[in-house]
Amino acid sequence: MRGNTLDPFADRYAQRTHGMTASEIRALFAVVSRPEVVSLAGGMPAVTALPLDSVGAMIGELVSRLGAQALQYGSGQGDPLLREQILQVMALEGIHDVSADEVVVTVGSQQGLDLLARIFLDPGDVVLAESPSYVGALGTFQAAQAQVVHIPMDAAGLIPDALATALSELAARGRRAKFLYTVPNFHNPAGVTLSEERREQVLALAEAYDLLVIEDNPYGLLGFENEPLPALRARSAERVIYLGSFSKTFAPGLRVGWVCAPHAVRDKLVLASEAQVLCPPALSQLVVREYLSSQPWFEQVKVFREVYRERRDATLDALSALMPPDVRWTRPAGGFYVWVTLPEGLDAKAMQPRAVHARVAYVPGIGFYADGQGVRHLRLSYCFPDPDRIREGVRRLSGVIEKELELRATFLGARTRGGQSRGPGDSPGADLP
Ligand code: PMP
């Protein structure tokens, strides 16, 4: 075998594997599993807040009663009864004009993203995505060799004027984006939510530019303050493909999500999914089906909201009390994430080894961009540690940032004496507060 000495298969891989790299989150996995490290890195749901005994009993009973179905292959599109129940879940976010026929059950919404990338993207195609954007989605777009154009956000989500500019620039070059990928609620990683007014504006632009919108909404029911805003899909059935998931409202280990798409797209999705997995796992689907019909699942969503609200509050209070001046962060009204902007000149990726040494982990911002932005940013997830651990983690992180600032001041002092003033890691153009 030729290849090279590091990887003897190197000359055989498909072109598309060249864009595949371990995400910033995967790379951290070994570190954050160490018990002495407070992990504010991974977005792991608080599954221990579930009534594990009754879920266990329910699963045991389900296999005894329906094992012949639960342990068998099933339909490529997903269990028909579960797809009916999914309609009721989507109705909670204002989606009514839809039939179970338009729903495809997937292995988590991550498989839905991968299927969409497979059916829509050719190498070189343009995808519009928020700036920053969900790392798992960027991974699928990169694997499809698409070009991601980031659209800035602020505290009210994606900025419609910036979207309009990107669309008209593309049109001027005779190009068209294949789709806009957006996480409108409690954004991962930015923590912000697209305002009601902007939802209208984004859809008006989609109409004007014949743009397809992929709405990824795993956190929509996990708001702390208000009822969920109507989904983009609730306002447009033709232009919006909607992704949902039971990972955050029930359990990610089951790997059950869905895509809701117009019939023509639905057909392609089912074919692509059958090629990938034959059918989504029957056992997981029946567990979700049983959970939705026999357990107080919406009461449990309220329990999750309370757990996450308390953790969000602990995070924001600790940040306010402990962070050095000039550090800024978003204030999520739901979901799992706070997006932090470091003072100018600091580099969250370079700082990471020092943070791990101080026994705290976060995800550096660069993982959430396809184009190398994000140096001054980091994502904190408050979903998993309890409030005391969160406070301790933020305390450790504040100490690390303070030390970085001291080091930088010393470095700059030395450089200025030597006639230069700009240090490493300066990143102009940070878009979010
Ligand atoms: N989209 C977003 C925005 C997410 O945050 C996640 C999980 N972190 C997913 C999709 C994938 O979730 P799952 O595959 O577990 O449904």
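These legends go with a handful of close-up views of a predicted model.

**View 1. Eight strands side by side in an open sheet.**
Start with the sheet of 8 strands, which goes β2-β9-β8-β7-β6-β3-β4-β5 from one end of the order to the other. Its pairing is mixed. At the edges stand β2 (103–106) and β5 (157–158); each has a single partner strand, so one side of each is left without a neighbour in the sheet.

**View 2. The β5 edge, up close.**
Here we zoom in on β5 and strand β4, which covers residues 147–154. The two strands run antiparallel, and 2 bridges hold the pairing together on paper. To find your way, look for Met153: its bridge partner in β5 is Leu158.

**View 3. Another open sheet, this one with 4 strands.**
Read the order as β10-β11-β14-β13, with antiparallel pairing. The edge strands are β10, at 328–329, and β13, at 363–364, and each of them pairs on one side only. Follow β10 to β11 (residues 337–341) and you'll come across 2 bridges between these antiparallel strands. A handy landmark is Trp329, whose bridge partner in β11 is Val340.

**View 4. The ligand and the residues around it.**
How many residues surround the ligand? There are 13, and the closest are Asp216, Tyr219, Ser245, Ser247 and Lys248. Sorted by class, this shell has 4 nonpolar, 6 polar and 3 charged residues. Helix α5 (residues 108–120) gives the largest share of the shell, with 3 residues.

**View 5. Polar atoms facing the ligand's oxygen atoms.**
Let's pick out a few pairs of atoms. Ser245 has a polar side-chain atom 2.6 Å from an oxygen atom of the ligand. For Arg255, an N or O atom in the side chain sits 2.8 Å from a ligand oxygen. With Gln110 the backbone is involved: one of its N or O atoms lies 3.0 Å from an oxygen atom of the ligand. And how much of the ligand's accessible area does the protein cover? On its own the ligand has 400 Å² of accessible area, and the protein covers 91% of that.

**View 6. The largest cavity and its lining.**
Now for some empty space inside the protein. The count comes to 2 cavities of 30 Å³ or more, and the largest has a volume of about 90 Å³. Its lining is made up of 13 residues, with Val89, Glu93, Asn217, Leu221 and Trp258 nearest the centre. Two or more residues of this lining come from each of α4 (80–91) and β8 (240–245). Which element gives the largest share of the lining? That would be β8, with 3 residues. By class, the lining of the largest cavity splits into 7 nonpolar, 5 polar and 1 charged.

**View 7. The second largest cavity.**
This space comes to about 30 Å³. Around it you'll find Phe186, Gly220, Leu221, Gly223, Asn226, Glu227, Pro228 and Arg305. These lining residues divide into 3 nonpolar, 3 polar and 2 charged. If Leu221 rings a bell, that's because it lies among the residues nearest the centre of the largest cavity and also lines the second largest one.

Technical notes
Residues numbered from 1 in each chain as written. Predicted model: local features only at pLDDT ≥ 70, side-chain atom pairs only at ≥ 80, totals over all residues. Heavy atoms only, no water. Pairing = 2+ DSSP bridges. Near = heavy atom within 4 Å. Polar contact = N/O pair within 3.5 Å; in protein donor to acceptor, adjacent residues only side chain to side chain. Areas by Shrake-Rupley, 256 points an atom, 1.4 Å probe, with all protein chains shown as cover. Nonpolar A, V, L, I, M, F, W, Y, C, P; charged D, E, K, R; others polar. 1 Å grid on protein atoms, 1.4 Å probe; cavity = no way out; pocket = protein on both sides within 12 Å on 5 of 7 lines; lining within 4 Å. Points joined across faces, edges and corners; volume = space filled by probe spheres on them.
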